[in-house]
Amino acid sequence: MKCEKYLELISLYIDRELDQDLIDVLEEHLSLCQDCLVFFHTMKKTVTLSRTYYKKKCCRVPKAVSTKIFYHLRLIYKKEQF
Ligand SMILES: [Zn+2]
C-alpha cells in the first residue's frame, strides 16, 4: 500500500472509525515509515487542539475549515515526498 493510502487511514484512526485489522496494518506501517508517523502526530495534534477548543467553546472550528486544513497538510506532505 502506498503512503497516500495510509493518510486516509490515519484520519479514520484518529476519529476511532477504523476496524481492528486496519489498525494493525496502519500501526505496523507507522512503526516503519517516518513520514507517515510525522503526519500522524501533526494530524493528531491538530485534531486534539481543535477538540479542546471546541469543548471550551471559546473557539469553534467549522467543519469546512478543518477539512481545508487536512487537505492543505496532505498537499504539503505530498510536495515533501518529491
Ligand atoms: Zn508511509
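**Exercise 1. Find which helix the predictor trusts most and which least.**

Solution. Keep in mind that this is a predicted model. Going by mean pLDDT, H2 comes out highest among the elements of the protein chain, at 96, while helix H4 (residues 63-81) is lowest, at 82. Now set those beside the whole chain: the average is 86, and 90% of the residues score at least 70.

**Exercise 2. Work out how H1 sits against the rest of the chain.**

Solution. Start with the helix itself. H1 covers residues 3-14, and its 12 residues reach 17 Å from the first C-alpha to the last, close to the expected 16 Å.

Next, sort its residues. Tyr6, Leu9 and Ile10 are the buried ones; a residue needs 20 or more other C-beta atoms within 10 Å of its own to count. Looking down the axis of H1, you'll find the buried residues within an arc of 110 degrees, so they line one face of the helix. Flip to the other side and you get Glu4, Lys5 and Glu8, which are exposed.

Then ask what lies over the buried residues: the cover includes helix H2 (20-32) and helix H3 (34-56). Just past the helix, look at Arg16, which follows H1 and has a positive phi, near 55 degrees.

**Exercise 3. Trace the largest nonpolar core and see who supplies it.**

Solution. List the members: Tyr6, Leu9, Ile10, Leu26, Cys36, Phe39, Phe40 and Met43, eight residues in all. H1 and H3 are the elements giving two or more residues to this core. H3 provides the largest share, with four.

Finish with Leu26. Skip its neighbours within four places in sequence, and its contacts are Tyr6, Leu9, Ile10, Tyr13 and Leu18.

How values were computed: Residues are numbered from 1 along each chain as its sequence is written. This is a predicted model: local features need pLDDT of at least 70, side-chain atom pairs count only at pLDDT 80 or more; totals for chains, interfaces and linings use all residues. The expected span of a helix is 1.5 Å times one less than its number of residues. A residue is buried if 20 or more other C-beta atoms lie within 10 Å of its own, exposed if 12 or fewer, and partly exposed in between; C-beta atoms are placed from the backbone. The arc is that of the directions from the helix axis to the C-beta atoms. Two residues are in contact if their C-beta atoms, placed from the backbone, lie within 7 Å. pLDDT is the predictor's confidence in each residue, from 0 to 100. A nonpolar core is a set of buried Ala, Val, Leu, Ile, Met, Phe, Trp, Tyr and Cys residues joined through C-beta atoms within 7 Å.
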